[in-house]
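This briefing covers one protein chain, from its overall build down to a few local features. Please keep the sequence and the structure at hand while reading.

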Amino acid sequence: KNDFAIAALAVGSTLTGEIASLAYNAVPSVCRIFTHLTSFLEMRAALGVKPSGSGLKKCLCRWLLKNQNTESVMRAALKYKNRQGWTWRDVLRVAHPKVVGDMNTFFKWVISDKWEGEQVPKILEGYELAQKATEQSLPGIITNYSLEREMVPNTLFSKGAWTALLQNLGYTAVLRNLNNMSMYPDFDFNAIVAKLQNKELLSKGKVHPLSIFVSRMQYASGRGNFSDRTWKPSQKVIDALDDAYENAFSFVEPTGKKIAVAVDCSASMSAPASTNISCSQASGGIALTYCRLEPNTSFIKFGTASHDVTLSKRMSLADAFKTFDASMGGTDLAAPIRHLLTNKTQVDVLVILTDNETWAGSRHSTSEWKDYTSKYPKAKLVIASTCSNKFTAGDPKDPSILQIVGFDASIMDLIREFISQ
């Protein structure tokens, strides 16, 4: 996720001189899509800065014109019409870009909703037809004009519309919409499976194995996280997601670091990390992903005590869940650090997966970590809490410690960035 980089640019742009210039110049490469750009603008607004000034104007012009392909710009504008209260019209009114030809005509259309050119571009023609379509006519319009999901009115989604949209969905979009397509029991699930098994599409989408694990658990549960929507999961799709999880490892580079992953197996880990995944399952999935991705990884399970466990790359998710089931009573977050010290085990990073419900033990984890870094000063500690509470397990002022609260598919990317610094 780009949130931290975008936040840094937003802060930098409010300063003066070279720092502001560097921040503005980096926006087009960091803010790849309109959603990122509006995040940048909203973060500036949160800092009390008005959307004005020559620096911002030039920055937005560079972002708007970084892609000289008019159809690509049109697709982006029609796909991301409104994000975080910002529309393309708002951005154009701040930027006032100087363009000619079809690009200029299209920008005028964004402002006025009137096409002043000789011939309406095909993608814009299809978009306008979709806004007036019926449920019966929409699938044909989607197919004929290669429309994307965001260009289609929400009120017209149907089995036919999703069948047509599936043809052009990227890998991440397929994962996000498995539930929508599975709302129709007679949907062509073989078409979904073909998409999920497409290794070229998987590689192009740069999808992390953990993202597929999260999607698999969500889909297999048959119910939504934040709604009362339910669906009947297709076993074909679940099997394809299992295969995709395996395939995704081919497209992720290991860090090469010596890693120890310690999983909290106390009773409280049976609590939910999200609606459809328990803290124990989330931690087991992360641990198995490390096993398959990082060859120099060892594993510890702990409660009030701790001991080594062995994972195999051939182990199934079900076996990983069983290995790290919530069966070890209380929680002592210092236990895995003490385990490394007792066994004189040197690692580059210790990753503790927990719900942070800690109360047992005679020493705080911070004290144990100070002892460990006195012997191994280059070591790093990651405490990833799959749910939030009032406890802090590590010293927030210690630069060798990263504390993460919450669980989603980006957690391993965040850890990777920290340990690779």
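**Overall build**

Of the 421 residues in the protein chain, 49% count as buried. The model is a predicted one. Its chain holds 21 helices and 10 strands. The points below take the whole chain, then strand 6 with its two partners, and then two loop residues.

**Chain-wide values**

- Taken along the principal axes, the box filled by the C-alpha atoms of the protein chain is roughly 80 × 60 × 35 Å.
- Among contacts with a separation of 6 or more, 68% come from residues 24 or more positions apart.
- The protein chain has an accessible surface of about 20,500 Å², and carbon and sulfur atoms make up 50% of that surface.
- The protein chain carries 48 positive and 39 negative charges, and the mean positions of the two sets lie 4 Å apart.

**Strand 6 and its partners**

- Strand 6 spans residues 297-302 and is mostly covered, with five of its six residues buried.
- Strand 3 (residues 259-264) runs parallel to strand 6, and six bridges join the two.
- Within this parallel pairing, S298 in strand 6 is the residue that A260 stands opposite.
- Strand 7 (residues 306-309) pairs with strand 6 in the antiparallel sense, over four bridges.
- One bridge in the antiparallel pairing links K301 to H307 of strand 7.
- The connection from strand 6 to strand 7 is a hairpin of three residues.
- Strand 6 is therefore paired with strand 3 in parallel and with strand 7 in the antiparallel sense.
- As a general point, side chains in a regular strand alternate between the two faces of the sheet.

**Loop residues with positive phi**

- H96 lies in the loop that follows helix 6 (88-95) and precedes helix 7 (101-112).
- The phi angle of H96 is near 50°, which is a positive value in a residue other than glycine.
- K206 is placed in the loop between helix 14 (199-205) and helix 15 (209-221).
- K206 also has a phi near 50°, again positive in a residue that is not glycine.
- K206 counts as exposed because its relative accessibility is 75%, where the cut-off for exposed is over 50%.

Note on methods. Residues are numbered from 1 along each chain as its sequence is written. This is a predicted model: local features need pLDDT of at least 70, side-chain atom pairs count only at pLDDT 80 or more; totals for chains, interfaces and linings use all residues. Side-chain values use heavy atoms; hydrogens and water are left out. Buried means under 20% relative accessible area, exposed over 50%, partly exposed in between (1.4 Å probe, protein chains only). Contact means heavy atoms within 4.5 Å. Accessible areas come from the Shrake-Rupley method with a 1.4 Å probe; for residues, only the protein chains shown count as cover. Lys and Arg count as positive and Asp and Glu as negative; His and the chain ends are not counted. The place of a charge is taken as NZ of Lys, CZ of Arg, CG of Asp or CD of Glu. Two strands pair if DSSP finds at least two bridges between them.
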